[in-house]
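Good morning, and thank you for making time for this presentation. Please take a moment with the sequence and the structure before I begin.

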Amino acid sequence: MKVLAYVGLGANLGDMRQSLEHALAELAALPASRLGAVSGAYRSAPVDAEGPDYLNAVAALETELAPLALLDALQAIELGLGRERPFWHAPRTLDLDLLLYGQQVIASARLTVPHPELHRRAFVLQPLLELAPDLQAPGLGALQPLLQGTREQAIERLPITLSPLPRMTR
């Protein structure tokens, strides 16, 4: 059965736009999945971290992959596009977060859905609500009112459109 999942994309090292567009191509190529709408691109300051500003977006993904299989696929995409994890909240060439997986609540050692910081991050809420303005998340309810709590966070919608680039050969 297909589930609508939302994936957060972010990068703050290297050619950030290219990284996000390559990641979109990889998402589009996932088995039993179809890449749907992609939000606009947003520049945001790091939250609870150091480093340069991020380029962020959110993608809608219809998928038949189970949640942990999708998480594994997201992490494989990160690694394939050069992601390193030298320390917690380190600057990164690519970050893919499973934000929502249908209306499921998942709390395991490897995965928490809805993403535990979803409701506290403007760089997640703004692009997510751009795709689905009336979106409700299990345990959180309507997401639109939660934007008010993120108004202190620096974020700017950029006048660029992110599109999947051709897949990289491995």
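A residue is called buried here when its relative accessible area is under 20%. Please keep that cut-off in mind, and note that the model before you is predicted.

By that criterion, P67, L70, L71, A73, L74, I77 and E78 are buried in the helix α2. These residues cover an arc of only 160° around the axis, so they lie on the same side of α2. A general point helps here: an α-helix has 3.6 residues a turn, so residues three or four places apart point the same way. The cover over the buried residues of α2 includes β1, α1, β4, β5 and β6, the last of these being residues 106-107. As for its length, α2 has 14 residues, which should span 20 Å at 1.5 Å a residue; the C-alpha atoms at its ends are 20 Å apart, in agreement with that figure. Just after α2 comes G82, with a positive phi of about 95°.

Let me now step back to the whole chain. It contains three helices and 10 strands, and from the N terminus the elements follow the order β-α-β-β-β-α-β-β-β-α-β-β-β. The radius of gyration is 15 Å, close to the 15 Å that the globule rule gives for 170 residues, so the chain is as compact as a globular protein of that length. Along the principal axes, the C-alpha atoms fill a box of roughly 45 × 40 × 30 Å. Of the 170 residues, 45% count as buried. Among contacts between residues at least 6 apart in sequence, 72% join residues at least 24 apart.

Which residues touch the most other members of the largest nonpolar core? They are L9, L20, L27, L30, L70, I77 and L96, in a core of 32 residues. At least two residues of this core come from each of β1, α1, β4, α2 and β5. Separate from it is another core, of 15 residues, which includes A60, L99, L100 and L118. To take one member of the largest core, L20 touches L9, G10, A11, L55, N56, A57, L94 and L162, when residues up to four places away in sequence are not counted. In soluble globular proteins, nonpolar side chains tend to be buried together.

The helix α3, residues 122-131, also has buried residues: A122, V124, L125, P127, L128 and L129. Among the elements covering them are β1, β3, β4, β5 and β10.

I turn next to some individual positions. The loop between β7 and α3 holds P114, and the peptide bond leading to P114 from V113 is cis, with omega near 0°. A32, in the loop between α1 and β2, has a positive phi of about 55° although it is not a glycine. With a relative accessibility of 38%, A32 counts as partly exposed.

Finally, is R34, in strand β2, buried or partly exposed? Its relative accessibility is 45%, so R34 counts as partly exposed. Setting aside neighbours within four places in sequence, R34 is in contact with A60, L61 and E62. R34 and E64 are 30 residues apart along the chain, and their C-alpha atoms are separated by 9.3 Å.

Thank you for your attention.

Conventions:
Residues are numbered from 1 along each chain as its sequence is written. This is a predicted model: local features need pLDDT of at least 70, side-chain atom pairs count only at pLDDT 80 or more; totals for chains, interfaces and linings use all residues. Side-chain values use heavy atoms; hydrogens and water are left out. Helices (H or I, at least four residues) and strands (E, at least two) are DSSP runs, numbered from the N terminus. Buried means under 20% relative accessible area, exposed over 50%, partly exposed in between (1.4 Å probe, protein chains only). Contact means heavy atoms within 4.5 Å. A nonpolar core is a set of buried Ala, Val, Leu, Ile, Met, Phe, Trp, Tyr and Cys residues joined through side-chain atoms within 4.5 Å. The expected span of a helix is 1.5 Å times one less than its number of residues. The arc is that of the directions from the helix axis to the C-beta atoms. The radius of gyration is taken over C-alpha atoms; the globule rule is 2.2 Å times the number of residues to the power 0.38.
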